[in-house]
Structure formats: C-alpha cells, structure tokens
Amino acid sequence: MNNKKPREDNNSTKIKTDDRVFDIDPRTLGRPLNIARNNLISRIQNGRKSLVLAINSMTRRRDAKVHVREVSIEMQAPAPLHPTPVYFSHHQHQGLSMLEVTPNLLSPLADAFYGGNPSFSAEAETDMSSIELNSSEQRVQARLSAVVLNQLDSAWHSPKQASPLESCCLHVQFDISIGDVHGALSMQLDDNLLIALGKPHNPITATPEEINERRSKQLRHVPVCLNAVLAQQTMSLDQVTQLKVGDIISADVQEIVEVSSGAQKLFLARVSEQNNHLVLQITDHINPAENFPS
C-alpha cells in the first residue's frame, strides 16, 4: 500500500473528495461561490420552464418534462458527455460556459425540429456517446443551450476557440424526458462567470417620462403596411362568372389615389413613373376627421 502523500507545489492546493484528488485554483479561495450559486437558483428554475416550452414547440407535443437534478460547485469540471459540446462567452464578463445535450435526445429532437415525426419510445434510444453530432443536431443543441443561458443573462456569443473547462465551475444538470426517451442538458459556468452572473441584481427604476419615451421609440419601429388601389372596375356577376384565363379586364389607372393602412386613410398620392417603375408621390395628408366609411 502506497502511503506517500500527494506532492504539492506553490501554485496549487489539493482537495480530496471520495477517492479523487483535485487541484484547486487559489483564485477560488475566499470567493463567494456559494452565494453566487444561490443567487442564480431562481433563474435556473426559469430556464427549466423555458426548456419545457422550447422542447414542446420543437416536437409539436405536450409531454416534455424537465427537472433540475443538480446545481453544484465542482472543483474540477465534469468530463464532456460527447465530443461536440457548445461554448458561449459573455460580451461584458470574462469567462466561459459549456453546454451539451445527450445525443439520444438530440437525434429525435433534430428530426422533429426539421419537420420529421420521430418515435420518442424507449426502443428508439441508442448509445451515441462517442459519435460527433451532425450539423442539425448541433444547431438544436445550441438553440436549447441559448434558451437556458438567456434566463441567466443576455449578450452571449460563440467564441472562435474554446476547450472543455478544467477548473472550478458551477455544474447544472437538467433531466429531460420526452415520451419514453430520457436524457439531460448539462451546463457548466466557470468561476469567473459564476461570480459575475451571481451578483445581486439591483431593481431598475424608471420615471413615467422615461417609460413613455421608450414606448414611443418602440412604436416608431413597428412595421406598417400601406395600401393603395390604383385601378378598379365594376362588372356584373354574370360577366364575372364568364371570365376565363386569358381574358382582359379593361381599367383606367387613377391619377390621384388614397394611401391607407388598414381602415385608416393617410395620404393622397399621384401615380407617377420613376426609373421605369410606378411610384406614388404624396400630394396631401388626409385629416383623421375625413376618414368616413367608403
């Protein structure tokens, strides 16, 4: 039996958990990791609810179930579930996140998302832990990962290069079941992201004037469909029933037309030509009081 103690150096500290010995990054000592973890619990639960909605939308079913199985601080990040996890970094905070969905879920999810009708029965499950995901499965994995991360914060982006986490991290596992198929989504946040995202949020207050200004800015960007009837013709029902492909309906293009949005008349416009295209040149505004039923 070997009774020698693990060798220690000046740059690392050792911790033993069960029969495993991990290096601890001295940066993590004294940092409020557990406080940050507790502050994220409610947002992680919101991620669970969002996952249910997203999965049901993908599968066009109503039987997806998601359970938060684990929210733990790991001194050494768990090994990836498969060779193709997805990574995200934050625009404002340093650090990296790694997320992955078990392949036995991703295969039927991708099939359903792209219009298929996969079987979510137990016999459809296969062991694909060593198989790299195809492009469709990677997109579905990234989509579900974004659903969870956006509950923690916004402003995420995919880094150009990334590798599996090795140091202290927050590990969250969502157990997912669809029909008889069971799998998981795993999320890891390194300690920098954990501390940054786990800071208490101060409530954002705004004056009524600021709220109205924001609402006005949003309204100014709402798309509006404009309509104008350039020509119209009146015919008897008997004439209409006798029309066939190739027949010509005579009509004169009006010189001045009304431009409207829905039932609201907005402008008078002259039908003109510019660069071989018909255009409408605004000639006058229509006062709202002039909006009489036609």
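A residue is taken as buried when its relative accessible area is under 20%. In the predicted model described here, alanine 269 has a relative accessible area of 0% and is therefore buried. This alanine lies in strand 11, which spans residues 264-274. With neighbours up to four places away in sequence set aside, the contacts of alanine 269 are with Glu255, Ile256, Val257 and Val259 on the one hand, and with Leu280, Gln281, Ile282 and Thr283 on the other. One of these partners, glutamine 281, is 12 residues away from alanine 269 in sequence, while the C-alpha atoms of the two are 5.1 Å apart in space.

The protein chain as a whole contains 6 helices and 12 strands, and of its 294 residues 34% count as buried. Among the contacts in the protein chain with a separation of 6 or more, 66% are accounted for by residues 24 or more positions apart.

Helix 1 (residues 33-59) and helix 3 (residues 135-152) have axes that come within 7 Å of each other and cross at roughly 145°, and the crossing of these two helices is right-handed. On the side of helix 1, the contact is made by Leu40, Arg43, Ile44, Asn46, Gly47, Ser50, Leu51, Ala54, Ile55 and Met58, and on the side of helix 3 by Val140, Arg143, Leu144, Val147, Val148, Gln151 and Leu152. By residue class, this contact of helix 1 with helix 3 comprises 11 nonpolar, 4 polar and 2 charged residues.

In soluble globular proteins, nonpolar side chains tend to be buried together. In the present model, the largest nonpolar core holds 44 residues, of which Ile44, Leu144, Phe174, Leu185 and Leu189 touch the most other members. Helix 1 supplies the largest share of this core, with 9 residues. Apart from neighbours within four places in sequence, leucine 144 is in contact with Leu51, Ala54, Ile55 and Met58, and also with Val101, Leu109 and Leu185. A second core, separate from the largest one, consists of 6 residues, including Ala77, Met98, Leu165 and Cys169.

Cysteine 169 is buried, since its relative accessible area is 0%, and cysteine 168, at 3% relative accessibility, likewise counts as buried. The cysteine sulfur closest to that of cysteine 168 belongs to cysteine 169 and is 6.5 Å away, and because a disulfide requires a pair of cysteine sulfur atoms within 2.5 Å, this separation is too far for a bond. Cysteine 169 is accordingly in no disulfide, its nearest cysteine sulfur being that of cysteine 168 at 6.5 Å. Under this criterion the count comes to 0 disulfides.

Towards the C-terminal end of helix 1, asparagine 56 lies within the helix and is buried, with a relative accessible area of 10%. Beyond residues up to four places away in sequence, asparagine 56 touches Arg61, Arg62, Asp63 and Ala64. Arginine 60 is found in the loop between helix 1 and strand 3, the latter covering residues 65-74. Most residues other than glycine have a negative phi. Arginine 60, by contrast, has a positive phi, near 60°. A positive phi, of about 70°, is also computed for alanine 155, which is not a glycine. Alanine 155 is located in the loop between helix 3 and strand 6 (156-157), and its relative accessible area of 30% makes it partly exposed.

A further loop, between strand 9 (227-228) and helix 6 (237-241), contains alanine 231. With a relative accessible area of 33%, alanine 231 is partly exposed. Contacts of alanine 231, not counting residues up to four places away in sequence, are made with Ala251, Asp252, Val253 and Gln254. For the pair formed by alanine 231 and alanine 251, a sequence separation of 20 residues is accompanied by a C-alpha to C-alpha distance of 6.2 Å.

Note on methods: Residues numbered from 1 in each chain as written. Predicted model: local features only at pLDDT ≥ 70, side-chain atom pairs only at ≥ 80, totals over all residues. Heavy atoms only, no water. Buried < 20%, exposed > 50% of the residue type's maximum accessible area, 1.4 Å probe, protein only. Axes fitted to C-alpha atoms, helices over the stretch in contact; angles between N-to-C directions. Helix = DSSP H or I, 4+ residues; strand = E, 2+ residues; numbered from the N terminus. Left-handed = near helix turned anticlockwise from the far one by under 90°. Contact = heavy atoms within 4.5 Å. Nonpolar A, V, L, I, M, F, W, Y, C, P; charged D, E, K, R; others polar. Core = buried A, V, L, I, M, F, W, Y, C linked by side-chain atoms within 4.5 Å.
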